[in-house]
Amino acid sequence: MRRRPGLSARLKLALSYAGFLFVAGALLLAVVWWFLLRYVPDNSQGLLGISPNRYLLVRTFAPAAAVAMAFLLVFGLLGGWILAGRMLRPLTLITDAARTAGRGSLSHRIRMEGRQDEFRELSDAFDSMLEQLESHVAEQQRFAANASHELRTPLAISRTLLDVARKDPGQDRGELIERLYAVNTRAIDLTEALLLLSRGDRGNFTREGVDLSLVAEEAAETLLPLAEERRIVLEVTGGAARTSGSAELLLRMVTNLVQNAVVHNLPAGGTVTVRTEAYGDTSVLRVENTGRVLPADLVPTLTEPFRRGTERVRTDEHAGVGLGLAIVHSIVRAHDGTLDLSPRPAGGLVATVRLPAVP
């Protein structure tokens, strides 16, 4: 926004200091005039012929008062300019840091020294904002790079298959169509997951009352054939746990958690337990599964996009795109909740979602 040029804050403060000092001096002289000169006789002889009269005192006092007022004005301007500069120096540092960040350098920090005051508090808040912004931008850059890589892979495979078919017209077209269909399905799944993740981050959805226990039962019913195929016992327990949000997004959240628990489980004989309950003003959904022992340092990274547990790539039909827990985390944040992941000592994972409860 273009603005008309005006006086700087430093000059305004200096003028304010000088004006205040000038007015204070004028009031002091007025008090002296009122309480001193009014009692001096105004005649040619003075008091008893030996004391100066009011006329002589005024002629002597007025030039000195004028000099004193001029000195106060100049001293107020210079002193105010110096004091305003010292007081506004932290604000100058913050402005320079904001301009540096505006040019794209988010790694700059003010780190203002000194005792705590309003300017230091503003500086610390600005540094914290820059740190979060830098982390968010870096996360978005990594996400964009990973998404581009993941989307490029099925496209490159499709191009390779088409090149092979063009060079070898005698190749089995049925096999080619099936492989292209599988690659195209994966690309569509990835695109839909990216769109869902973006929708969850924006949080622009209509809220309604949702019972997590009913959502958990629906997700378990959908994934029961997958669990039976892998010989995994899927169980839903607990009571009603009502919250407010998007029923579609919450269903996707629970489905992703249960599917992740089924897929990343023991080869056979594993269990997945889904439990819902309400604690005061919090509704809790807990998904616990058996499986491999997970390193403690790996668990915090599972909600990052394109992380697939202990494996980078899975080869079965439920390979996923590495966005399952990232989508869960995004939906939980959009619903003002928290997601806690903790490894089980015997192997597997416990995912706990806490959402604000509603009556």
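## Overall layout

Going along the sequence, the protein chain runs α-α-α-α-β-α-β-β-α-β-β-α-β-β. That adds up to seven helices and seven strands. Keep in mind that this is a predicted model.

The protein chain has 359 residues, and 33% of them count as buried. Its accessible surface is about 22,600 Å², with 58% of that belonging to carbon and sulfur atoms. As for contacts with a separation of 6 or more, 69% of them in the protein chain link residues 24 or more positions apart.

## The nonpolar cores

Which residues touch the most other members of the largest nonpolar core? Those are M253 and L285, in a core of 46 residues. Several elements each put in at least two residues: the helices α4 (173–202), α5 (212–229), α6 (247–263) and α7 (324–334), plus the strands β4 (271–279), β5 (282–289), β6 (338–343) and β7 (349–356). The top contributor is α6, which gives nine residues to this core.

L285 is a handy place to start looking around. Setting aside neighbours within four places in sequence, L285 is in contact with L212, A216, M253, V254, L257, V274, R275, T276, A351, T352 and V353. So M253, the other residue touching the most core members, is itself among the contacts of L285.

There's also a second, separate core, made up of eight residues. Its members include A101, L106, I110 and M112.

## A helix on the inside

How many of the eleven residues of α7 are buried? Eight are, so α7 is largely enclosed by the rest of the structure. The buried ones in α7 are L325, A326, I327, V328, S330, I331, V332 and A334. As noted above, α7 also supplies at least two residues to the largest nonpolar core.

Just past the helix, have a look at the backbone: α7 is followed by D336, which has a positive phi, near 60°.

## How far to trust the model

The average pLDDT of the protein chain is 81, and 84% of the residues score at least 70. Among the elements, β5 has the highest mean pLDDT, at 95, while α4 has the lowest, at 74.

The stretch to watch is residues 310–319, where the pLDDT is below 50. In the model, this stretch still has 18 contacts beyond near neighbours in sequence. Where pLDDT is low, the predicted coordinates should not be read in detail.

How values were computed: Residues are numbered from 1 along each chain as its sequence is written. This is a predicted model: local features need pLDDT of at least 70, side-chain atom pairs count only at pLDDT 80 or more; totals for chains, interfaces and linings use all residues. Side-chain values use heavy atoms; hydrogens and water are left out. Helices (H or I, at least four residues) and strands (E, at least two) are DSSP runs, numbered from the N terminus. Buried means under 20% relative accessible area, exposed over 50%, partly exposed in between (1.4 Å probe, protein chains only). Contact means heavy atoms within 4.5 Å. Accessible areas come from the Shrake-Rupley method with a 1.4 Å probe; for residues, only the protein chains shown count as cover. A nonpolar core is a set of buried Ala, Val, Leu, Ile, Met, Phe, Trp, Tyr and Cys residues joined through side-chain atoms within 4.5 Å. pLDDT is the predictor's confidence in each residue, from 0 to 100.
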